[in-house]
Each structure stands twice: as structure tokens, then as C-alpha cells.
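Trainee: Hey, I've never looked at this one before. Can you walk me through it?
Mentor: Sure, let's pull it up.

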Amino acid sequence: MTHVIDGNDVASRIENDLEDCLETLESAGVTPGLATVLMSDDAASETYVSMKQEACDEIGIGGFHRELDPNAPAEKLRETVEDLNDDPRVHGILVQMPTPNHVDSRRVLRNIDPRKDIDGFHPENVGRLVAGNPRYKPCTPHGIQKLLESADVDSAGKDVVIVGRSDIVGKPMANLLIQNAPGGNATVTVCHSRTEDLAEKTRGADIVIAAAGVAELVDGSMIREGATVIDVGVNRLEAETERGYDLVGDVEFESAKEKAAVITPVPGGVGPMTIAMLLYNTIDAASVQEDVPIDL
Ligand code: NDP
């Protein structure tokens, strides 16, 4: 029987544990604050930001949202980030990507106070991650580590193939998995659009993590019997549904499920974990910045 990991269930267990941490902070007079910054009229980005805000509201994290005209000069975004850097109520800052073409997103990320960079994208935090001493683990890869743990899949000594080398998913995932630490110690291959014979690589893997943004790129014929398959992809395919599209992952779920021992669905797999780990990092940031120890 294939174990289909319920990401909503794992995320809500993590959020329950976070409530205890929030109580400890509250009793010391601290309310963690997360600022989201949106400079885009892309519908998917708007949805992601509002989901993050709702999650903050539900658990009791203070939400500070800034919305900028996508045509505003890049300077406006820099000023907004600096304002939030200086705001003591804000412990975490998240600038929703992608930003408009005229904005240099790397420069924006460099402007965020590294202590408030709960996505872990600031060069200082990337460096710490690579050095094996992460300040905050980037949300999606950290969530994937928690999903593997929830299914008793130990990455130590396993061959892992990651499909995708983005700064947000593929690279930090690889860095976490090769660390000599719990949730790491794997042998990792990172594939991308120039990889020759992707199927040969994925077939050799004990764990496949698909993060390419290509609908149903990985099918059952590319999976080894008994493998673990983590599907990060979120792709909108036009469909005659009420909202006009269906969400599908980077894995062809039905055929992959035939082969896999453990698999995540889309939706309801990695997505809820990204949000749970964002709350986790914001609470961690508040604890460190306000010097109130908590048991995370
Ligand atoms: P990017 O577009 O930044 O990166 C995609 C990566 O996949 C690139 O490295 C690219 O290679 C590689 N790739 C593209 N096509 C192929 C192919 N045919 N074969 C092998 N590799 C390929 O995407 P992200 O990392 O930001 O996101 C990936 C997916 O995950 C998206 O669907 C996104 O929506 C989803 N996502 C989901 C999250 C969640 O919480 N569920 C969070 C973040 C992302 P190259 O570098 O050569 O171009």
C-alpha cells in the first residue's frame, strides 16, 4: 500500500506545537509580526500572499501587509523594505517573488535585514546554510524535511534526486540534504533543464523531489519501485472548472503512486508545509530578536 502523505495534517500538527511557543512569547509581552510585501498583480502571487496572511491571523501572528503598484519605481520597494527593517513590531519580512522586471530582486533581498529574512534568501543566510549553520531553513525545503520525517523516511545514506535548481527550492533542498545533521546525510543529485536523460537519474533514486514547474514531468516509468516521491510543483492547467483551471504537480500522481512507497499529493502535500514553516521561522525570529527562549 502506498502511503500518501497528508500535508495538511502534518502542517496542522506543527501549527499546534507553535501555539505553545506563541503562548510563551505572549506571556513575555511579545507578539511575533510578519510583513508581506506584494509588488505584482499576478493572481497566483496575490493568492499566496493572502494565504500567508490568513495563516498568520489564525494562529495569532501580527500581519503587516504592504502592497505596491507593480509600475512603481524599484526605489519604492527599497524604501518599504527599509521601513519594515526599522519597525520593531515586524520580526519577519517576506517579499513575494517574482517582482516586476524593472526591479532587481537580488538587490531587494540584500536590503532585507538578515535577522528578519525568514525566507533565508539574503546572501548572509544563504552562506550560513551552505556552511551548515542555517539561521532559518528556507520554508519549502524545511517543510519537505518535516514531511519525510512524518513518514519515517530517513534520508541518511539514501540517493536523492532533486529535479530543479532554483534558489527557492532546488539549491537549498540540496544543501539541507547533504548536511551532516538529522534530515540530511543523503547523496544528492541536482537535475535541471540541461540534464541529459532525466529518467535515468530519477530511476536510480530512493527519494525523488520534483520542483521543475513542469506539469506531470515525472511519471511512474521514471520512478523506482518503493521510492519516496515528493511533488513540489504547482501548475495551473486550463480546465472547465469553476475557477477555470486545475492544479497539478510536477509528478503524474496516478502512475507514480503505482510504484512509490511514499508520495505527496498536489494540492495538500508540500504547499501547506511551506506556510507552516513560514510561521515557524517568524516565531523563531521573534524569539531571537526579543531574547525570549522558546522550545521549537
Ligand atoms: P523555477 O522556475 O525557479 O525553477 C525550475 C527549475 O526546474 C529550474 O532549475 C529548471 O532548470 C528546472 N527545469 C525546468 N524544466 C525542466 C525539465 N524539463 N527537466 C529538468 N529540469 C527542469 O521554479 P521554482 O523552483 O520556483 O518552483 C518549481 C515549482 O514548484 C513550481 O511549480 C512552483 O510553483 C512550485 N513551488 C511550490 C511551492 C509550494 O509551497 N508548494 C513553493 C515554491 C515553488 P534551469 O535552471 O536549467 O532553467
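Mentor: One term before we start: two residues are in contact if their C-beta atoms, placed from the backbone, lie within 7 Å. Also, this is a predicted model.
Trainee: Okay, so what does Ile209 touch?
Mentor: Leaving out residues up to four places away in sequence, Ile209 touches Ile144, Val160, Ile162, Val163, Met173, Ile230 and Val232.
Trainee: And which residues touch the most other members in the largest nonpolar core?
Mentor: That core has 79 residues, and Ile162, Val163, Val208, Ile209 and Ala210 touch the most other members. Helix 10, residues 270-290, gives the most to this core, with 11 residues.
Trainee: Why does the core lie between the domains?
Mentor: Domain 1 (29-133) and domain 2 (139-272) both give residues to it, so it lies between them.
Trainee: How far apart are the C-alpha centres of the two domains?
Mentor: They lie 26 Å apart. The contact takes six residues from domain 1 and five from domain 2. On the domain 1 side, there are three nonpolar, two polar and one charged.
Trainee: Switching topic: what order do the strands take in the open sheet?
Mentor: Three strands form it in the order 3-2-4, with parallel pairing. Strand 3 (62-67) and strand 4 (92-95) are the edges, each pairing on one side only. The twist averages 15° from one strand to the next.
Trainee: How many bridges join strand 2 to strand 3?
Mentor: Six, with strand 2 covering residues 33-38. Leu38, for one, has Glu67 in strand 3 as its bridge partner.
Trainee: Which helix packs on that sheet?
Mentor: Helix 3, residues 74-86, touching strand 2, strand 3 and strand 4. Its direction makes about 165° with that of strand 4.

Terms used:
Residues are numbered from 1 along each chain as its sequence is written. This is a predicted model: local features need pLDDT of at least 70, side-chain atom pairs count only at pLDDT 80 or more; totals for chains, interfaces and linings use all residues. Domain bounds come from an automatic or database domain assignment. Ala, Val, Leu, Ile, Met, Phe, Trp, Tyr, Cys and Pro count as nonpolar, Asp, Glu, Lys and Arg as charged, and the others, Gly among them, as polar. A nonpolar core is a set of buried Ala, Val, Leu, Ile, Met, Phe, Trp, Tyr and Cys residues joined through C-beta atoms within 7 Å. A residue is buried if 20 or more other C-beta atoms lie within 10 Å of its own, exposed if 12 or fewer, and partly exposed in between; C-beta atoms are placed from the backbone. Helices (H or I, at least four residues) and strands (E, at least two) are DSSP runs, numbered from the N terminus. Two strands pair if DSSP finds at least two bridges between them. Axes are lines fitted to C-alpha atoms, for helices over the stretch in contact, and angles run from 0 to 180 degrees between N-to-C directions.
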